[in-house]
Amino acid sequence: MKHIQKHLSVLLALLLAMSLLAGTGALASGEASGGASGDGAITDTDVVYLTPETLDELIIGEEGYTFTTDLTVGRLEIAAGAPIECQYPIVVFFDESDSVENGEIIGNVQFVSDYDEVIAVVHTNDVHGHIDVEPYVKGFADALKASGDYSLVLTVSAGDVYGGGEAVAGSYNGELIPAILDGVYDVIAPGNNDYTSAGVARQNVLLSNLYEHTVTVCSNVMAIEDGLPLGDYAAGYEPIIGAELFDELYEKVTTAADGSLDLTALGLENIEGGVNPYPDTITFTTDNGTVVGLFGLTTCGGALGVDLDTSGSIKTSQACTDRLRADGATVVVGVGHTGWMGENVTGGTSNDTNSWQLADSVTGLDAFVDGHTHSIINRGQGVLVGEGSCFVNQAESFGYCIGVMYLYVRDGEVIAAHGEVIQDMSGITPDPDVQAIVDLATAKVKEDYGKAIAETPYFLNGERLSAGNEGGTVRGNETNLGDFMTDVIRAACSEAMGVDYDFVCYPGYWFRASVEAGDITLESLQSIFANPTVLYYDTYDASQILSMVTRGLNSVYPDKEENTFNQYSGVRVTYTYADGTGTPVTIEVGDTLVYDAANGGIQVPDDWTCEGVLTMTGGEIDSYTGDQADWICHDKVEVQELVASWLSSHTADDYTILPNTVAPDGRIVAVG
């Protein structure tokens, strides 16, 4: 038996030691949060250790006890029959006792007296091209490996490695990303922004095959009915970064005598409809011989380049879990871009379930690394879900933090788990090889895209989640970035097409980055417009304007954001959230009052129309069946170039940039 004190030295956080004196009374448990419950007794000879350092809510009886990093020893007396509970999963290590079973869970508190090994799973999600974090992910994982205290250290990404953020992802369509990630991650599950259209899907499969070490794993995608022409696509592939650099970065790539790229080593072939372009599972073996199986999962949001398996995520995950266990895996970990609670939607807009539902439904699943909703779960310390006590966690987004799960294993089975997210990376030594490629990529982007084309005196707010930002979130209210960019798009489209457009409607969720006060560069625009985008124009009547605005306000109310929320130029809206959703009160297009809810609704004649520019994104582009002659810009690059060209040829006298406040120009105003 390995006594727990041997493991204390491997914990990165300061351990809080406590002696629990309970006499011979029983500890009557409250309901465990998703775990097993039961009664147990801890005698006065049992020594109990609590981790991690951030523990501050262990509830015993009706009184809460607070621990700080300065407290190294705490002593509590537990009254007989008092419930024990903690908000998030913690592990209590104790000497062997007849009163508490090894692996017992009471109120989110997992009791462990004996274990064989510890598996560490280092994870990120939704980095969206913010590549600066990657050397630290590798450095942190290598430090855990070097300690010798873990039988296996895995590094995994739960998707959205592309699509936004740093211009490395936007400028070069992600071509530099595989060189950075290879060797950082063992496993990546693709996210919706990694295949937001047919072209992006094909490129993501191509880029995934460049890895020498990393494996992209996904169990619930399949090629569209007509198939994926990957072989044909590869034969004509010309990297934006240039053939020479592409060849230099990737071992599987060579340059032919005529200067063209030879990608035959990638082994890409045309994939028939219904065939998965990725492996669905992968296994690893710990130093102790325990087989650890992983499967990948993604969400269908914005994906028309591939179709999701219509059997659903839960059924697919259960099938993968059963197959992995049948093949000898005794520890099973899911890696999925599915989303935390609140993201449970149906149809083609997102995944068919969220990670809580999945963890609660799949039997035999030990842990799940989540992504998609940019969440911090239980302040980064995760949650135990279901009778099987599946541990779920997510590490926010944009490289703000690194997540780690600790899985304690006895006889090949997980008996306890806890996790944390690391936001302060100052104590981590970044991996020098990964850092060198990050520096190369950053320098190239600065060289090619760093020239200033305009200037802003204010921070331009494109934040997704920004409760602490006075300008709010670009997906939940009017921001100065939304005002500025829609004004520029409207002016640029009007000049390019010779039409004085009345309005521009652009979804807030498709502004993918903010801009700091100072220079606005092409790199800035690459980051803002980093995803597949089409601008198109049409003539709209009042009912269509009302529908557009109503959909844009769907479910938006204070402190909430939605993908449907729009930013406007030429449109002014007041709305109410009294019924819990955003409902239009008035709508103006230019100087025309189009709608007034208090005075009968639509205020213009039936033959009234206006000219507008709207945006299609992701799967909308692939599924468009109208006339492409109405498209002003056919992809994100054209949008970037349109905006860059207009800004380069105009001065600050031709546009207005407003301070970073909620509804800075009064275009979208809540009135109650």
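**Exercise 1. With which residue does R572 form a salt bridge, and how many Å apart are the closest N and O atoms?**

Keep in mind as you work that this is a predicted model.

*Step 1.* Start from R572: its salt-bridge partner is D665, and the closest N and O atoms are 3.1 Å apart.

*Step 2.* Place both residues along the chain. R572 belongs to strand β31 (residues 571-576), while D665 sits in the loop between α15 (636-648) and β37 (668-670), so this pair ties together parts that are 93 residues apart in sequence.

*Step 3.* Check how accessible each partner is. R572 has 33% relative accessibility and counts as partly exposed; D665, with a relative accessible area of 27%, is partly exposed too.

*Step 4.* Follow D665 onward. It also forms a salt bridge with R667, with the closest N and O atoms 3.0 Å apart. R667 is buried, at a relative accessible area of 7%, because buried means under 20%.

*Step 5.* Now put the pieces together: D483, D487, R572, D665 and R667 are joined into one network by salt bridges that share partners.

**Exercise 2. Why does the salt bridge of R323 and D280 tie together parts that are 43 residues apart in sequence?**

*Step 1.* Begin with the whole structure, where a search finds 14 salt bridges. One of them is formed by the side chains of R323 and D280, at 2.9 Å from N to O.

*Step 2.* Find each partner. R323 is in helix α8 (residues 313-326) and D280 is in the loop between β16 (261-262) and β17 (281-285), so their pairing links parts of the chain 43 residues apart in sequence.

*Step 3.* Look at accessibility. R323 is partly exposed at a relative accessible area of 35%, and D280 counts as partly exposed at 22%.

*Step 4.* Recall the general idea: side chains of opposite charge can pair when their charged atoms come close.

**Exercise 3. Describe helix α11 and its buried residues.**

*Step 1.* Helix α11 (residues 480-497) has 18 residues. From its first C-alpha to its last it reaches 26 Å, close to the 26 Å expected at 1.5 Å a residue.

*Step 2.* Pick out the buried residues of α11; among them are L481, D483, F484, V488, I489 and A492. D483 also takes part in the salt-bridge network of Exercise 1.

*Step 3.* Go one step past the helix: just after α11, G498 takes a positive phi of about 70°.

**Exercise 4. What is the strand order in the open sheet of six strands, and which are the edge strands?**

*Step 1.* Read across the open sheet: the order is β13-β12-β11-β10-β24-β25, with mixed pairing.

*Step 2.* Look for strands that pair on one side only: these edge strands are β13 (215-216) and β25 (413-422).

*Step 3.* Zoom in on β13. Two bridges join it to β12 (residues 187-188), and these strands run parallel. V187 has V215 in β13 as its bridge partner.

*Step 4.* Add the helix that packs on the sheet. Helix α2 (residues 134-147) touches β10 (117-124), β11 (152-157), β24 (402-410) and β25, and its direction makes about 175° with that of β10.

**Exercise 5. Where is the pLDDT below 50?**

*Step 1.* Take the average: the chain has a pLDDT of 82, and 81% of the residues score at least 70.

*Step 2.* Locate the stretches below 50, which include residues 1-82 and residues 343-350.

Technical notes: Residues numbered from 1 in each chain as written. Predicted model: local features only at pLDDT ≥ 70, side-chain atom pairs only at ≥ 80, totals over all residues. Heavy atoms only, no water. Pairing = 2+ DSSP bridges. Helix = DSSP H or I, 4+ residues; strand = E, 2+ residues; numbered from the N terminus. Contact = heavy atoms within 4.5 Å. Axes fitted to C-alpha atoms, helices over the stretch in contact; angles between N-to-C directions. pLDDT = per-residue confidence, 0-100. Salt bridge = Lys/Arg side-chain N within 4 Å of Asp/Glu carboxyl O. Buried < 20%, exposed > 50% of the residue type's maximum accessible area, 1.4 Å probe, protein only. Expected span 1.5 Å × (residues − 1).
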